[in-house]
Amino acid sequence: MSASDVNTEHPLELETPRFSVKKPAVRYDKQGEVPDAERVKRAMQNFVRDFGRSAAIYMESCVHCGNCAEACHFYATTNDPKYTPIWKIEPFKQAYKREYGPFAWFYRALNLKSAVTVERLEEWQELIYDSCTVCGRCSLICPMGIDIASLVSLARHGMAKAGLVPHELWAVAERGEKEGSPLGATPKVFKDRIEWLADDYEVDIPLDKAKADVLCTMSSIEIMKYPESIVATAKIMKHVGANWTFRLDGYEATNFGLLSGNADWQRDMSMKLIDAAIACGAKTLVLPECGHAYGALRWMGANLYGKPLPFRVVHIAEFMAEHVKSGKLRLKKVGKSVTFHDPCQISRRGGAIEAPREVLAALGVELREMEPTKGLNWCCGGGGGVVTIHRADALRYKVFQLKMNQIDDTGAELPVTSCSNCRQTFDDGQAHFKWDKTMNSLLEMVAHNLEGEAA
Ligand code: SF4
Ligand code: SF4
(Lines give C-alpha, C1' and ligand atoms only; values in the text may rest on other atoms or scores of the structure.)
(Ligands and ions follow the chains in the order given, each with its own letter.)
Protein backbone atom coordinates (compact mmCIF):
# COMPACT_ATOMS: atom_id res chain seq x y z
CA MET A 1 0.00 0.00 0.00
CA SER A 2 1.34 3.45 -0.76
CA ALA A 3 0.93 6.73 1.04
CA SER A 4 -1.85 7.84 -1.26
CA ASP A 5 -3.96 4.70 -1.11
CA VAL A 6 -6.14 5.60 1.83
CA ASN A 7 -7.25 9.07 2.75
CA THR A 8 -9.61 9.41 5.64
CA GLU A 9 -9.76 12.23 8.12
CA HIS A 10 -7.30 12.22 10.95
CA PRO A 11 -8.88 12.63 14.37
CA LEU A 12 -6.30 15.14 15.45
CA GLU A 13 -6.85 18.85 15.02
CA LEU A 14 -3.36 20.13 14.52
CA GLU A 15 -3.88 23.84 14.71
CA THR A 16 -0.91 25.35 16.49
CA PRO A 17 -0.61 28.74 18.11
CA ARG A 18 2.54 29.57 16.19
CA PHE A 19 1.90 28.05 12.79
CA SER A 20 -0.97 26.13 11.31
CA VAL A 21 -0.20 22.80 9.74
CA LYS A 22 -2.15 20.60 7.38
CA LYS A 23 -4.17 17.75 8.84
CA PRO A 24 -2.39 14.52 7.98
CA ALA A 25 -4.20 11.73 6.18
CA VAL A 26 -4.69 8.48 8.03
CA ARG A 27 -3.73 5.29 6.34
CA TYR A 28 -2.88 1.85 7.58
CA ASP A 29 -0.06 0.09 5.86
CA LYS A 30 0.26 -3.63 5.34
CA GLN A 31 3.04 -5.70 3.86
CA GLY A 32 2.30 -8.86 1.90
CA GLU A 33 -0.94 -10.59 0.97
CA VAL A 34 -1.79 -12.23 4.26
CA PRO A 35 -5.32 -12.91 5.62
CA ASP A 36 -6.17 -10.67 8.57
CA ALA A 37 -6.58 -13.62 10.94
CA GLU A 38 -3.04 -14.74 10.10
CA ARG A 39 -1.67 -11.25 10.79
CA VAL A 40 -3.27 -11.23 14.23
CA LYS A 41 -1.94 -14.72 14.92
CA ARG A 42 1.61 -13.74 13.97
CA ALA A 43 1.48 -10.55 16.05
CA MET A 44 0.12 -12.39 19.08
CA GLN A 45 2.68 -15.20 18.81
CA ASN A 46 5.46 -12.64 18.81
CA PHE A 47 3.98 -10.59 21.61
CA VAL A 48 3.73 -13.72 23.76
CA ARG A 49 7.27 -14.76 22.79
CA ASP A 50 8.53 -11.33 23.89
CA PHE A 51 6.78 -11.40 27.25
CA GLY A 52 9.91 -12.25 29.18
CA ARG A 53 10.15 -11.72 32.90
CA SER A 54 10.93 -8.00 32.70
CA ALA A 55 8.09 -7.27 30.24
CA ALA A 56 5.70 -9.21 32.48
CA ILE A 57 6.81 -7.26 35.58
CA TYR A 58 6.36 -4.01 33.69
CA MET A 59 2.86 -5.06 32.65
CA GLU A 60 1.87 -5.75 36.25
CA SER A 61 3.49 -2.68 37.79
CA CYS A 62 1.67 0.30 36.30
CA VAL A 63 -0.12 2.29 39.02
CA HIS A 64 -1.84 4.54 36.46
CA CYS A 65 -0.33 7.70 37.91
CA GLY A 66 -0.22 9.40 34.50
CA ASN A 67 3.26 10.87 35.02
CA CYS A 68 4.48 9.45 31.74
CA ALA A 69 1.94 11.51 29.79
CA GLU A 70 3.54 14.87 30.55
CA ALA A 71 6.96 13.40 29.74
CA CYS A 72 5.98 12.57 26.17
CA HIS A 73 6.39 15.33 23.58
CA PHE A 74 3.49 13.90 21.55
CA TYR A 75 1.11 14.19 24.48
CA ALA A 76 2.60 17.44 25.81
CA THR A 77 2.00 19.22 22.51
CA THR A 78 -1.45 17.79 21.71
CA ASN A 79 -3.05 16.94 25.06
CA ASP A 80 -4.56 14.00 23.21
CA PRO A 81 -4.97 11.07 25.65
CA LYS A 82 -4.25 8.56 22.93
CA TYR A 83 -0.63 9.75 22.98
CA THR A 84 -0.20 8.83 26.66
CA PRO A 85 2.80 6.48 26.67
CA ILE A 86 1.18 3.72 28.69
CA TRP A 87 -1.82 3.76 26.31
CA LYS A 88 0.56 3.15 23.40
CA ILE A 89 1.27 -0.32 24.73
CA GLU A 90 -2.36 -1.16 25.51
CA PRO A 91 -2.84 -3.84 22.82
CA PHE A 92 0.44 -5.38 23.99
CA LYS A 93 -0.94 -5.32 27.51
CA GLN A 94 -4.27 -6.69 26.28
CA ALA A 95 -2.41 -9.60 24.66
CA TYR A 96 -0.46 -10.15 27.89
CA LYS A 97 -3.56 -10.24 30.09
CA ARG A 98 -5.43 -12.63 27.80
CA GLU A 99 -2.63 -14.92 26.73
CA TYR A 100 0.22 -14.86 29.20
CA GLY A 101 -0.52 -13.21 32.54
CA PRO A 102 -1.22 -15.22 35.74
CA PHE A 103 -5.00 -14.79 35.31
CA ALA A 104 -5.09 -15.22 31.53
CA TRP A 105 -7.65 -18.04 31.72
CA PHE A 106 -9.89 -15.82 33.86
CA TYR A 107 -9.64 -12.84 31.48
CA ARG A 108 -10.43 -15.13 28.55
CA ALA A 109 -13.29 -16.98 30.26
CA LEU A 110 -15.07 -13.79 31.26
CA ASN A 111 -13.88 -11.84 28.24
CA LEU A 112 -12.55 -9.13 30.56
CA LYS A 113 -9.93 -8.23 27.98
CA SER A 114 -11.26 -8.52 24.48
CA ALA A 115 -9.24 -10.34 21.85
CA VAL A 116 -6.90 -8.19 19.77
CA THR A 117 -8.30 -7.65 16.28
CA VAL A 118 -6.57 -6.63 13.06
CA GLU A 119 -8.49 -3.32 13.17
CA ARG A 120 -7.04 -2.66 16.62
CA LEU A 121 -3.55 -3.45 15.38
CA GLU A 122 -4.02 -1.16 12.39
CA GLU A 123 -5.10 1.71 14.61
CA TRP A 124 -2.21 0.91 16.88
CA GLN A 125 0.28 1.34 14.05
CA GLU A 126 0.06 5.11 14.42
CA LEU A 127 0.67 4.93 18.17
CA ILE A 128 3.79 2.82 18.22
CA TYR A 129 5.37 4.11 15.02
CA ASP A 130 4.17 7.61 14.02
CA SER A 131 3.85 8.96 17.55
CA CYS A 132 6.70 7.27 19.40
CA THR A 133 10.33 8.14 18.81
CA VAL A 134 11.37 5.51 21.39
CA CYS A 135 13.05 8.44 23.13
CA GLY A 136 12.72 6.92 26.61
CA ARG A 137 11.65 10.13 28.35
CA CYS A 138 8.56 8.36 29.72
CA SER A 139 10.73 5.47 30.95
CA LEU A 140 12.92 7.91 32.87
CA ILE A 141 9.97 9.63 34.52
CA CYS A 142 7.94 6.54 35.48
CA PRO A 143 8.01 6.07 39.29
CA MET A 144 7.63 2.31 38.84
CA GLY A 145 10.62 2.09 36.53
CA ILE A 146 8.54 0.79 33.64
CA ASP A 147 10.61 1.02 30.47
CA ILE A 148 7.81 1.90 28.08
CA ALA A 149 10.24 2.68 25.26
CA SER A 150 11.56 -0.89 25.40
CA LEU A 151 8.02 -2.26 25.42
CA VAL A 152 7.24 -0.20 22.31
CA SER A 153 10.32 -1.71 20.64
CA LEU A 154 9.18 -5.22 21.62
CA ALA A 155 5.68 -4.48 20.35
CA ARG A 156 7.19 -3.41 17.00
CA HIS A 157 8.60 -6.95 16.64
CA GLY A 158 5.08 -8.38 16.58
CA MET A 159 3.89 -5.69 14.18
CA ALA A 160 6.78 -6.42 11.82
CA LYS A 161 5.98 -10.16 11.87
CA ALA A 162 2.35 -9.33 11.11
CA GLY A 163 3.36 -7.09 8.19
CA LEU A 164 1.87 -3.99 9.80
CA VAL A 165 4.69 -1.46 9.59
CA PRO A 166 4.34 2.03 8.07
CA HIS A 167 5.19 1.74 4.42
CA GLU A 168 8.19 4.09 4.21
CA LEU A 169 9.83 2.65 7.30
CA TRP A 170 9.41 -0.86 5.96
CA ALA A 171 10.77 0.18 2.54
CA VAL A 172 14.01 1.65 3.94
CA ALA A 173 14.48 -1.30 6.29
CA GLU A 174 14.02 -3.72 3.39
CA ARG A 175 16.45 -1.75 1.24
CA GLY A 176 18.98 -1.89 4.07
CA GLU A 177 18.66 -5.66 4.18
CA LYS A 178 18.86 -6.14 0.40
CA GLU A 179 21.41 -3.48 -0.58
CA GLY A 180 23.34 -3.06 2.66
CA SER A 181 22.13 0.49 3.21
CA PRO A 182 18.63 1.94 3.75
CA LEU A 183 19.29 5.12 1.76
CA GLY A 184 21.21 3.62 -1.14
CA ALA A 185 24.72 4.06 0.25
CA THR A 186 25.79 0.71 -1.21
CA PRO A 187 29.43 -0.40 -0.98
CA LYS A 188 29.99 0.95 -4.52
CA VAL A 189 28.43 4.31 -3.68
CA PHE A 190 30.43 4.54 -0.45
CA LYS A 191 33.68 3.67 -2.26
CA ASP A 192 32.99 6.26 -4.99
CA ARG A 193 32.24 8.89 -2.36
CA ILE A 194 35.42 8.14 -0.48
CA GLU A 195 37.51 8.46 -3.65
CA TRP A 196 35.78 11.71 -4.62
CA LEU A 197 36.07 13.22 -1.12
CA ALA A 198 39.70 12.15 -0.69
CA ASP A 199 40.47 13.87 -3.99
CA ASP A 200 38.43 17.01 -3.42
CA TYR A 201 39.52 17.60 0.17
CA GLU A 202 43.05 16.21 -0.26
CA VAL A 203 42.69 13.95 2.74
CA ASP A 204 43.76 10.34 3.15
CA ILE A 205 40.73 8.10 3.76
CA PRO A 206 41.94 4.52 4.32
CA LEU A 207 39.61 1.84 3.04
CA ASP A 208 39.73 -1.92 3.62
CA LYS A 209 43.01 -2.02 5.53
CA ALA A 210 43.63 -5.65 6.51
CA LYS A 211 44.62 -4.63 10.05
CA ALA A 212 43.64 -1.53 11.99
CA ASP A 213 43.21 -0.55 15.63
CA VAL A 214 40.12 1.52 14.93
CA LEU A 215 37.21 0.67 12.63
CA CYS A 216 35.13 3.74 11.77
CA THR A 217 31.54 3.52 10.58
CA MET A 218 29.08 6.00 9.10
CA SER A 219 25.33 6.46 8.89
CA SER A 220 23.45 6.49 5.56
CA ILE A 221 22.29 10.04 6.22
CA GLU A 222 25.88 11.19 6.57
CA ILE A 223 27.05 9.35 3.46
CA MET A 224 24.20 10.59 1.28
CA LYS A 225 23.28 13.97 2.78
CA TYR A 226 26.22 15.14 4.88
CA PRO A 227 29.29 13.58 3.19
CA GLU A 228 31.55 16.14 4.83
CA SER A 229 31.18 13.97 7.92
CA ILE A 230 33.35 11.36 6.18
CA VAL A 231 36.07 13.96 5.61
CA ALA A 232 35.73 15.22 9.19
CA THR A 233 36.18 11.68 10.53
CA ALA A 234 39.31 11.19 8.40
CA LYS A 235 40.83 14.52 9.49
CA ILE A 236 40.24 13.79 13.19
CA MET A 237 41.64 10.25 12.93
CA LYS A 238 44.77 11.61 11.24
CA HIS A 239 45.10 14.41 13.80
CA VAL A 240 45.10 11.97 16.75
CA GLY A 241 47.44 9.56 14.94
CA ALA A 242 45.01 6.62 14.89
CA ASN A 243 45.72 3.46 12.90
CA TRP A 244 42.22 3.31 11.42
CA THR A 245 40.15 2.26 8.44
CA PHE A 246 36.71 2.16 6.87
CA ARG A 247 35.72 -1.25 5.48
CA LEU A 248 33.30 -2.01 2.70
CA ASP A 249 32.15 -5.17 4.47
CA GLY A 250 31.06 -3.17 7.52
CA TYR A 251 30.57 0.60 7.34
CA GLU A 252 26.81 1.16 7.55
CA ALA A 253 25.78 1.78 11.15
CA THR A 254 22.18 2.79 10.40
CA ASN A 255 19.90 -0.01 11.53
CA PHE A 256 16.34 0.23 10.27
CA GLY A 257 15.85 -3.41 11.21
CA LEU A 258 15.81 -2.14 14.79
CA LEU A 259 13.46 0.77 14.07
CA SER A 260 10.98 -1.20 11.97
CA GLY A 261 10.86 -4.10 14.44
CA ASN A 262 12.40 -6.68 12.10
CA ALA A 263 14.74 -8.44 14.52
CA ASP A 264 16.32 -10.59 11.79
CA TRP A 265 17.31 -7.56 9.73
CA GLN A 266 18.53 -5.82 12.87
CA ARG A 267 20.83 -8.76 13.58
CA ASP A 268 22.12 -8.85 9.98
CA MET A 269 23.06 -5.15 10.02
CA SER A 270 24.78 -5.41 13.41
CA MET A 271 26.64 -8.60 12.53
CA LYS A 272 28.20 -6.94 9.47
CA LEU A 273 29.85 -4.36 11.73
CA ILE A 274 30.87 -6.97 14.30
CA ASP A 275 32.39 -9.26 11.65
CA ALA A 276 34.23 -6.37 9.97
CA ALA A 277 35.76 -5.25 13.29
CA ILE A 278 36.87 -8.80 14.06
CA ALA A 279 38.26 -9.26 10.52
CA CYS A 280 40.62 -6.28 10.85
CA GLY A 281 41.47 -6.93 14.49
CA ALA A 282 40.03 -3.59 15.62
CA LYS A 283 40.32 -2.78 19.30
CA THR A 284 37.75 -0.01 18.97
CA LEU A 285 34.70 0.36 16.76
CA VAL A 286 33.70 3.99 16.43
CA LEU A 287 30.02 4.66 15.81
CA PRO A 288 29.08 7.76 13.83
CA GLU A 289 26.80 10.66 14.63
CA CYS A 290 23.70 8.46 14.68
CA GLY A 291 21.61 7.93 17.78
CA HIS A 292 19.96 4.58 17.20
CA ALA A 293 23.22 3.15 15.80
CA TYR A 294 24.65 3.71 19.28
CA GLY A 295 21.85 1.79 20.99
CA ALA A 296 21.91 -0.98 18.38
CA LEU A 297 25.58 -1.84 18.80
CA ARG A 298 26.77 -0.33 22.09
CA TRP A 299 23.93 -1.75 24.15
CA MET A 300 22.51 -4.59 22.06
CA GLY A 301 25.58 -5.79 20.14
CA ALA A 302 26.85 -8.31 22.69
CA ASN A 303 23.38 -9.85 23.06
CA LEU A 304 23.16 -10.34 19.30
CA TYR A 305 26.70 -11.73 19.18
CA GLY A 306 25.93 -14.08 22.09
CA LYS A 307 28.99 -13.15 24.16
CA PRO A 308 31.05 -10.05 24.98
CA LEU A 309 32.30 -8.26 21.89
CA PRO A 310 36.08 -8.63 21.41
CA PHE A 311 36.42 -4.88 20.89
CA ARG A 312 34.97 -1.81 22.53
CA VAL A 313 32.23 0.28 20.98
CA VAL A 314 32.26 4.07 21.34
CA HIS A 315 30.37 6.95 19.82
CA ILE A 316 32.49 9.44 17.86
CA ALA A 317 31.82 12.09 20.56
CA GLU A 318 33.20 9.71 23.20
CA PHE A 319 36.22 9.01 20.99
CA MET A 320 36.87 12.74 20.62
CA ALA A 321 36.41 13.37 24.36
CA GLU A 322 38.93 10.61 25.18
CA HIS A 323 41.49 12.21 22.88
CA VAL A 324 40.84 15.67 24.28
CA LYS A 325 41.66 14.23 27.72
CA SER A 326 44.78 12.44 26.49
CA GLY A 327 45.96 15.67 24.86
CA LYS A 328 46.03 14.16 21.36
CA LEU A 329 43.04 16.15 20.12
CA ARG A 330 43.99 19.81 20.28
CA LEU A 331 41.39 22.33 19.24
CA LYS A 332 41.20 26.01 18.36
CA LYS A 333 38.81 28.17 20.36
CA VAL A 334 35.52 28.89 18.61
CA GLY A 335 34.43 31.84 20.78
CA LYS A 336 30.69 31.53 20.17
CA SER A 337 27.70 30.65 22.31
CA VAL A 338 26.42 27.14 21.69
CA THR A 339 23.53 25.02 22.88
CA PHE A 340 23.72 21.24 22.68
CA HIS A 341 20.80 19.09 21.57
CA ASP A 342 21.11 15.72 23.34
CA PRO A 343 20.22 12.90 20.94
CA CYS A 344 17.88 10.67 22.99
CA GLN A 345 19.58 7.38 22.14
CA ILE A 346 23.04 8.71 22.97
CA SER A 347 22.33 10.86 26.03
CA ARG A 348 19.17 9.64 27.77
CA ARG A 349 19.14 6.02 26.58
CA GLY A 350 22.87 5.70 25.96
CA GLY A 351 24.36 7.50 28.97
CA ALA A 352 26.99 9.41 26.95
CA ILE A 353 25.89 12.78 28.31
CA GLU A 354 29.16 14.42 29.26
CA ALA A 355 31.41 13.43 26.33
CA PRO A 356 30.02 16.01 23.84
CA ARG A 357 30.13 18.68 26.54
CA GLU A 358 33.79 17.92 27.23
CA VAL A 359 34.52 18.36 23.53
CA LEU A 360 32.58 21.63 23.46
CA ALA A 361 34.56 22.82 26.49
CA ALA A 362 37.79 22.07 24.59
CA LEU A 363 36.42 24.21 21.73
CA GLY A 364 36.12 27.08 24.19
CA VAL A 365 32.46 27.77 23.48
CA GLU A 366 30.05 29.36 25.91
CA LEU A 367 27.65 26.46 26.51
CA ARG A 368 24.09 27.57 27.15
CA GLU A 369 22.11 24.56 28.31
CA MET A 370 18.50 24.14 27.28
CA GLU A 371 15.76 23.85 29.88
CA PRO A 372 15.43 20.92 30.56
CA THR A 373 18.68 19.44 29.36
CA LYS A 374 20.89 16.35 29.32
CA GLY A 375 18.88 13.21 30.17
CA LEU A 376 15.64 15.17 30.21
CA ASN A 377 16.21 17.19 27.06
CA TRP A 378 13.25 17.12 24.67
CA CYS A 379 13.42 14.86 21.63
CA CYS A 380 13.62 16.47 18.15
CA GLY A 381 10.57 14.39 17.20
CA GLY A 382 12.19 12.54 14.30
CA GLY A 383 13.78 9.52 15.99
CA GLY A 384 12.58 5.93 16.08
CA GLY A 385 11.95 6.07 12.32
CA VAL A 386 9.28 8.80 12.66
CA VAL A 387 11.09 11.16 10.28
CA THR A 388 10.64 8.63 7.46
CA ILE A 389 6.84 8.39 7.86
CA HIS A 390 5.17 11.09 5.75
CA ARG A 391 1.71 10.75 7.25
CA ALA A 392 3.33 11.71 10.59
CA ASP A 393 4.76 14.98 9.24
CA ALA A 394 2.12 17.31 10.68
CA LEU A 395 2.37 15.76 14.12
CA ARG A 396 6.18 15.80 13.94
CA TYR A 397 6.19 19.50 13.04
CA LYS A 398 3.92 20.18 15.96
CA VAL A 399 6.30 18.59 18.45
CA PHE A 400 9.29 20.19 16.72
CA GLN A 401 8.03 23.55 17.94
CA LEU A 402 8.86 22.48 21.49
CA LYS A 403 12.42 22.06 20.32
CA MET A 404 12.60 25.36 18.45
CA ASN A 405 11.28 27.21 21.48
CA GLN A 406 13.76 25.47 23.76
CA ILE A 407 16.67 26.48 21.53
CA ASP A 408 15.42 30.03 20.95
CA ASP A 409 15.09 30.49 24.72
CA THR A 410 18.81 29.85 25.23
CA GLY A 411 19.73 32.77 22.95
CA ALA A 412 22.74 30.71 21.79
CA GLU A 413 24.27 31.52 18.41
CA LEU A 414 24.79 27.90 17.33
CA PRO A 415 22.74 24.78 18.01
CA VAL A 416 24.96 21.68 17.89
CA THR A 417 24.20 17.97 18.03
CA SER A 418 25.90 14.62 17.48
CA CYS A 419 23.24 12.68 15.57
CA SER A 420 22.68 12.97 11.82
CA ASN A 421 19.06 11.80 12.16
CA CYS A 422 18.39 14.67 14.58
CA ARG A 423 20.26 16.99 12.20
CA GLN A 424 18.07 15.91 9.31
CA THR A 425 14.95 16.44 11.44
CA PHE A 426 16.20 19.93 12.31
CA ASP A 427 16.98 20.74 8.66
CA ASP A 428 13.50 19.65 7.66
CA GLY A 429 11.88 21.59 10.52
CA GLN A 430 13.97 24.65 9.70
CA ALA A 431 12.77 24.59 6.09
CA HIS A 432 9.16 24.00 7.13
CA PHE A 433 9.04 26.81 9.66
CA LYS A 434 11.55 29.09 7.91
CA TRP A 435 13.43 29.08 11.21
CA ASP A 436 16.56 31.19 11.43
CA LYS A 437 18.68 28.48 13.10
CA THR A 438 20.69 25.75 11.41
CA MET A 439 21.71 22.64 13.33
CA ASN A 440 25.46 21.95 13.37
CA SER A 441 27.39 18.72 13.68
CA LEU A 442 29.79 18.44 16.61
CA LEU A 443 32.02 16.19 14.49
CA GLU A 444 32.31 18.75 11.71
CA MET A 445 32.83 21.59 14.16
CA VAL A 446 35.78 19.73 15.64
CA ALA A 447 37.25 18.93 12.21
CA HIS A 448 37.03 22.61 11.24
CA ASN A 449 38.92 23.64 14.35
CA LEU A 450 41.87 21.26 14.61
CA GLU A 451 44.90 23.06 15.98
CA GLY A 452 47.66 23.49 13.43
CA GLU A 453 45.42 22.70 10.47
CA ALA A 454 43.44 24.78 8.00
CA ALA A 455 39.67 24.70 8.48
S1 SF4 B 1 9.39 6.70 24.28
FE2 SF4 B 1 9.26 8.96 24.00
S3 SF4 B 1 7.88 9.23 22.26
FE4 SF4 B 1 7.60 7.09 23.00
S5 SF4 B 1 5.91 7.21 24.42
FE6 SF4 B 1 7.77 7.46 25.64
S7 SF4 B 1 8.10 9.70 25.77
FE8 SF4 B 1 6.62 9.33 24.12
S1 SF4 C 1 4.35 6.78 34.76
FE2 SF4 C 1 4.59 4.54 34.93
S3 SF4 C 1 3.18 3.93 36.57
FE4 SF4 C 1 2.57 6.00 35.93
S5 SF4 C 1 0.98 5.67 34.33
FE6 SF4 C 1 2.94 5.85 33.26
S7 SF4 C 1 3.68 3.72 33.06
FE8 SF4 C 1 2.05 3.69 34.64
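In strand β6, the bridge partner of V338 is L367. That pairing is a good place to enter this predicted model, and the strand on the other side of V338 comes next. In β7, V338 has L414 as its bridge partner. The strand that carries V338 is β5, residues 337-341, and four bridges join β5 to β7, the two running parallel. With β6, strand β5 pairs over two bridges, again in the parallel sense.

Now let us follow β7 onward. Two bridges link β7 to β8, residues 440-441, and these strands run parallel as well. Here V416 is matched with N440 of β8. Put together, the strands make an open sheet of four in the order β6-β5-β7-β8, with parallel pairing. The edges belong to β6 (366-367) and β8; each has a single partner strand, so one side of each is left without a neighbour in the sheet.

What covers the faces of β7? Strand β7, residues 414-417, is covered on both faces: L414 and V416 are buried on one side, and P415 and T417 are buried on the other. Elsewhere on this sheet, helix α20 (residues 354-362) lies across β5 and β6, running at about 165 degrees to β5.

There is another sheet to visit. It is also open, with four strands in the order β2-β1-β3-β4 and parallel pairing. Its edge strands are β2 (244-245) and β4 (312-315), each of which pairs on one side only. Strand β3, residues 284-287, and β4 pair in the parallel sense over four bridges. To find one of these matches in the structure, look for V286, whose bridge partner in β4 is V314.

Helix α19, residues 316-325, packs on this sheet and touches β1 (214-216), β3 and β4. The direction of α19 makes about 95 degrees with that of β4. Why can α19 be called largely enclosed by the rest of the structure? Seven of its 10 residues are buried, so the surroundings largely enclose it. The buried residues are I316, A317, E318, F319, M320, A321 and H323. Just after α19 comes G327, which takes a positive phi of about 85 degrees.

Let us move to another helix, α10. It covers residues 148-161, 14 residues in total, and reaches 20 Å from its first C-alpha to its last, close to the 20 Å expected at 1.5 Å a residue. Of those 14 residues, 10 are buried, so α10 too is largely enclosed by the rest of the structure. Among the buried residues are I148, L151, V152 and A155, along with R156 and H157. After the helix comes G163, whose phi is positive, near 70 degrees.

Before α10, in the loop between α9 (137-141) and α10, you will find D147. Is D147 buried or exposed? With a relative accessible area of 16%, against a cut-off of under 20% for buried, D147 is buried. Its side chain makes a polar contact of 2.5 Å with the side chain of S150, and another, of 3.0 Å, joins the side chains of D147 and R349. Leaving out residues up to four places away in sequence, D147 touches Y58, S139 and R349.

A second acidic residue deserves a look: E168, in helix α11 (residues 167-179). This residue is buried, with a relative accessible area of 11%. Which residues does E168 contact, leaving aside its neighbours within four places in sequence? They are R27, D29, T388, I389, H390 and R391. H390 is 222 residues from E168 in sequence, yet their C-alpha atoms are 7.8 Å apart in space. The side chain of E168 reaches the backbone nitrogen of H390 at 3.0 Å.

Our last stop is a pair of helices. Two packed helices are described by the angle between their axes and the distance between the axes. Helix α1 (residues 36-50) and helix α6 (residues 90-99) pack at an angle of about 80 degrees, with their axes 10 Å apart. The two helices are therefore roughly perpendicular to each other. Where they meet, α1 brings M44, F47 and V48, while α6 brings F92, A95 and E99.

Note on methods: Residues are numbered from 1 along each chain as its sequence is written. Chains are lettered from A and ligands numbered from 1 in the order in which they are written. Side-chain values use heavy atoms; hydrogens and water are left out. Two strands pair if DSSP finds at least two bridges between them. Contact means heavy atoms within 4.5 Å. Axes are lines fitted to C-alpha atoms, for helices over the stretch in contact, and angles run from 0 to 180 degrees between N-to-C directions. Buried means under 20% relative accessible area, exposed over 50%, partly exposed in between (1.4 Å probe, protein chains only). A polar contact is a pair of N or O atoms within 3.5 Å; within protein, one must be able to donate a hydrogen and the other to accept it, and residues adjacent in sequence count only if both atoms are side-chain atoms. The expected span of a helix is 1.5 Å times one less than its number of residues. Angles under 35 degrees count as roughly parallel, over 145 as roughly antiparallel, 65 to 115 as roughly perpendicular and the rest as oblique.
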